Amino acid sequence: MIRVREGQAPGRLERSAFSERFRASFADRAFREEDEALARLEEIAWRAYVEGRKSLFQQMAGPDYADPAQSLSAEWGADRQRSVRRCGNPDPTTTSGKDADKAKALEMAGWDYPQHLAGRVYGVVVHGDVAGIEDSRRGLSDWLDWMGFIDAGPLARLDRFIGYYAPYADSHNTLDWDEPMQEDVRNVARAVAKAVEALRAGRLQAVQPRQSRPRAK
């Protein structure tokens, strides 16, 4: 058994600290005439915080999940109907939401690390003013490739300096003046759009055929 580590996340705020944070957004004297209303709202917010009510609208998971009777957020269900794929675990009922013991057991039993976004086209634009743009661009591209994305070609991988060693204070003006850079970015977008068209038409596929990986992660 793998021991679940605890105590790393910050603890719950004390009531006084919560009140201080809540009221920080209403420091303007114009709110003082609504102090009683703010106090009522603060109490509602405090109860939601203490009870951990993150998903206010929930529904039963249904037959397509490992635990059909578990409650899931209505937003999650709507995303599934729209075929929106969330990163991470596609079936949160297998871990009863965020039960760490169940999550560890699921992984050790041979979870296949599903790549929900694999097969989508990507382009990358990295800019900087001193150094590191090429390494950052390569790192991002390598990460997206590993996730199963398909790059849109050489024109869709861009790294450029904007105002090399120039003051940061007027860098927005430097970008406004750098029309070639703006056109480079447009070319990245055009390359991605072309690649998406080709992918949908069946004329584009990943260089490597889909194979089973000897090491899943």
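A nonpolar patch joins Val, Leu, Ile, Met, Phe, Trp or Tyr side chains within 5 Å, from residues with over 30% relative accessible area and no salt bridge (a side-chain nitrogen of Lys or Arg within 4 Å of a carboxyl oxygen of Asp or Glu). Areas come from the Shrake-Rupley method with a 1.4 Å probe.

The model is predicted: local features need pLDDT of at least 70, and side-chain atom pairs count only at pLDDT 80 or more, while totals for chains, interfaces and linings use all residues. Numbering starts from 1 along each chain, and side-chain values use heavy atoms, without hydrogens and water.

**Exercise 1.** Find the nonpolar surface patch and place Val 130.

- Step 1. Val 130, Phe 161, Tyr 164 and Tyr 165 form the patch, with about 430 Å² of accessible area together.
- Step 2. Val 130 sits in the loop between β4 (124-128) and α5 (133-146). Helices (H or I, at least four residues) and strands (E, at least two) are DSSP runs.
- Step 3. Val 130 has 34% relative accessibility, so it counts as partly exposed (buried is under 20%, exposed over 50%, partly exposed in between).

**Exercise 2.** Check the span of α5 and sort its faces.

- Step 1. At 1.5 Å a residue (times one less than the residue number), the 14 residues of α5 should span 20 Å; the end C-alpha atoms are 20 Å apart, which agrees.
- Step 2. Ile 133, Arg 137, Ser 141 and Leu 144 are the buried residues of α5.
- Step 3. Down the axis, they fall within an arc of 65 degrees, so they line one face of α5. The arc uses directions from the helix axis to the C-beta atoms.
- Step 4. The face turned away carries exposed Asp 135 and Asp 142.

Definitions and conventions: Patches are made of residues with over 30% relative accessible area and no salt bridge: like charges are joined within 9 Å, nonpolar side chains (Val, Leu, Ile, Met, Phe, Trp, Tyr) within 5 Å. Buried means under 20% relative accessible area, exposed over 50%, partly exposed in between (1.4 Å probe, protein chains only).
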